[in-house]
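Please look over the sequence and the model shown here before reading the notes that come after them.

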Amino acid sequence: MPGAMRFLGVSAVVVAVAGGIATATPAAADEAVMHNVTYSVFTEQPFRGAEIYYRDTDPPSWADYSHDPYLFSPNVEADLGPGQKWTLNVALADPNEWAMVMATSGPSKFPPNFHCVLAVDGVVVSQNSGAKGALCSLRHW
């Protein structure tokens with residue numbers, strides 16, 4: 001029995017040491033790699049007061065986002081045109097999940113023909129256009 005007790009004691013030390021190593025590793029894993037995300041929006045016709053929604057922060061979880069999506073999707077009004085582009089650079093840890101820009105004119109007699117472009121780390125990954133609005137995202141909303 002004394003041999004068995006010694007074996008159990010050594011096993012406990014090995015487990016404790018292994019447990020300490022396992023808890024030390026996630027600190028490096030928590031450091032997310034941030035990606036440079038660039039949003040661009042313009043219209044073919046001059047348009048005043050376009051509504052632009054975008055994501056500039058990774059929500060902590062899908063549940064947090066679902067609870068209040070507008071908290072994580074600020075908006076601005078911008079005057080746009082063929083030579084008047086709205087551009088914003090943000091840093092996101094998971095652009096595949098969260099990168100998004102959407103622009104709309106709302107009700108308008110003369111649709112301005114929106115264009116949006118979404119680039120991640122300098123590479124264009126989404127483009128879209130529409131008469132009264134456009135959405136650029138990697139995720140299907």
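The report below takes up confidence, the two sheets and the disulfide in turn.

## Confidence in the model

This is a predicted model, and its chain averages a pLDDT of 84, with 78% of the residues scoring at least 70. Over residues 4–28 the pLDDT stays under 50, and for this stretch the model has zero contacts beyond four places in sequence. Where pLDDT is low, the predicted coordinates should not be read in detail.

## The sheet S4-S1-S6-S7

Four strands make up an open sheet whose order is S4-S1-S6-S7, and their pairing is antiparallel. Strand S4, which covers residues 86–92, and strand S7, which covers residues 123–130, stand at the edges with a single partner strand each, so one side of each is left without a neighbour in the sheet. On average, and with direction ignored, neighbouring strands of this sheet are turned by 15 degrees against each other.

Within this sheet, strand S1 (residues 35–43) runs antiparallel to S4 and is joined to it by seven bridges. One residue pair shows how the two strands line up: His35 has Leu92 as its bridge partner in S4. As a general matter, strands of a sheet pair through backbone hydrogen bonds, either parallel or antiparallel.

## The sheet S3-S2-S5-S8

A further open sheet, again with antiparallel pairing, is formed by four strands in the order S3-S2-S5-S8. Its edge strands are S3 (75–80) and S8 (133–137), each of which pairs on one side only. Here the neighbouring strands are turned by 20 degrees against each other on average, direction ignored.

Strand S2, which spans residues 47–54, pairs with S3 in the antiparallel sense over five bridges. In this pairing, Ile52 finds its bridge partner in S3 at Val76.

## The disulfide

How many disulfides does the count come to? With a cut-off of 2.5 Å between cysteine sulfur atoms, the count comes to one disulfide, formed by Cys116 and Cys136, whose sulfur atoms are 2.1 Å apart. The torsion about the S-S bond of Cys116 and Cys136 is about 95 degrees, and the disulfide is therefore right-handed.

Because Cys116 lies in strand S6 (residues 114–120) and Cys136 in strand S8, the pair ties together parts that are 20 residues apart in sequence. Strand S6 belongs to the sheet ordered S4-S1-S6-S7, while strand S8 is an edge strand of the other sheet described above. Both Cys116 and Cys136 are buried.

How values were computed. Residues numbered from 1 in each chain as written. Predicted model: local features only at pLDDT ≥ 70, side-chain atom pairs only at ≥ 80, totals over all residues. Heavy atoms only, no water. Pairing = 2+ DSSP bridges. Axes fitted to C-alpha atoms, helices over the stretch in contact; angles between N-to-C directions. Buried < 20%, exposed > 50% of the residue type's maximum accessible area, 1.4 Å probe, protein only. pLDDT = per-residue confidence, 0-100. Contact = heavy atoms within 4.5 Å.
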